[in-house]
Amino acid sequence: MTAILEAAEQTFSRDPAATMEQVAEAAGVARTTVHRRFATREALVDALALWATQRFASAVDAAHPDAVPPLVALYQTTANVLGVKIGWGFAMSQASSANPEVARVHAEVREPCVRLFRRAQEAGVLRADLDLDWTRRVYYALIHEAAQDIDAKSPDALATIVVDTLLRGTGTAL
């Protein structure tokens, strides 16, 4: 099944309207094998979105956002998430699907992020007067934009840009 999902990501990234037959060809399996696992193209896309969402959750967890210093956790979480968003761009774009499991995983991921931002504020990494919900949403937007415009930059290089922009903004000191 992993080979089919990886092939689906590559195929749909190149052509979002690609067929199940094209996915089967890319996976090196018979069309019937794909259809046996996924009754419809929509079922395949839903499974792909869930799989990528689970990889996203694992990427956040692997950064140990509750265990390492907040600045380190912020950078590592950003790099890990960008790695998933870049590598699984089509699937992550489908992660707002109606699949309740996708929504559940995203809700679970939100909690360590909220705690990380609170820890960062308490440690002085983020200003004390910031609205943390607003700051978190800005951070998510920065990650989204970085993943859209990769220009051959690595997730680590993009993470540096995202975290620097979050912490320092884009203006000059007045």
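**Helix packing in the predicted model**

The buried residues of helix 4 are covered by elements that include helix 1, helix 2, helix 5, helix 6 (89-93) and helix 7 (100-122). This arrangement is taken from a predicted model. The residues of helix 4 that are buried are Leu44, Val45, Leu48, Ala49, Leu50, Trp51, Ala52, Thr53, Phe56, Ala59 and Val60. Helix 4 comprises 22 residues (residues 41-62), for which a rise of 1.5 Å a residue predicts a span of 32 Å; the C-alpha atoms at its ends are 31 Å apart, in agreement with that value. Just after helix 4, His64 adopts a positive phi of about 50°.

Helix 5 (residues 70-87) also packs with helix 8 (residues 132-148), at an angle of about 45° and with 10 Å between the axes. Helix 5 is therefore oblique to helix 8, since the angle falls outside the ranges counted as roughly parallel, perpendicular or antiparallel. The crossing of helix 5 past helix 8 is right-handed. On the helix 5 side, the contact involves Leu74, Thr77, Thr78, Val81, Leu82, Lys85 and Ile86, which meet Tyr139, Ile143, Ala146 and Ala147 of helix 8. Sorted by class, this contact of helix 5 with helix 8 consists of 8 nonpolar, 2 polar and 1 charged residues.

Outside the helices, Asp15 is located in the loop that joins helix 1 (2-14) and helix 2 (20-27). Asp15 has a relative accessible area of 34% and is therefore partly exposed, as this value lies between the limits of 20% for buried and 50% for exposed residues. Asp15 and Arg55 are 40 residues apart along the chain, and their C-alpha atoms are separated by 22 Å.

Key: Residues are numbered from 1 along each chain as its sequence is written. This is a predicted model: local features need pLDDT of at least 70, side-chain atom pairs count only at pLDDT 80 or more; totals for chains, interfaces and linings use all residues. Side-chain values use heavy atoms; hydrogens and water are left out. Axes are lines fitted to C-alpha atoms, for helices over the stretch in contact, and angles run from 0 to 180 degrees between N-to-C directions. Helices (H or I, at least four residues) and strands (E, at least two) are DSSP runs, numbered from the N terminus. Angles under 35 degrees count as roughly parallel, over 145 as roughly antiparallel, 65 to 115 as roughly perpendicular and the rest as oblique. A crossing is left-handed if the near helix is turned anticlockwise from the far one by less than a right angle, and right-handed if clockwise. Contact means heavy atoms within 4.5 Å. Ala, Val, Leu, Ile, Met, Phe, Trp, Tyr, Cys and Pro count as nonpolar, Asp, Glu, Lys and Arg as charged, and the others, Gly among them, as polar. Buried means under 20% relative accessible area, exposed over 50%, partly exposed in between (1.4 Å probe, protein chains only). The expected span of a helix is 1.5 Å times one less than its number of residues.
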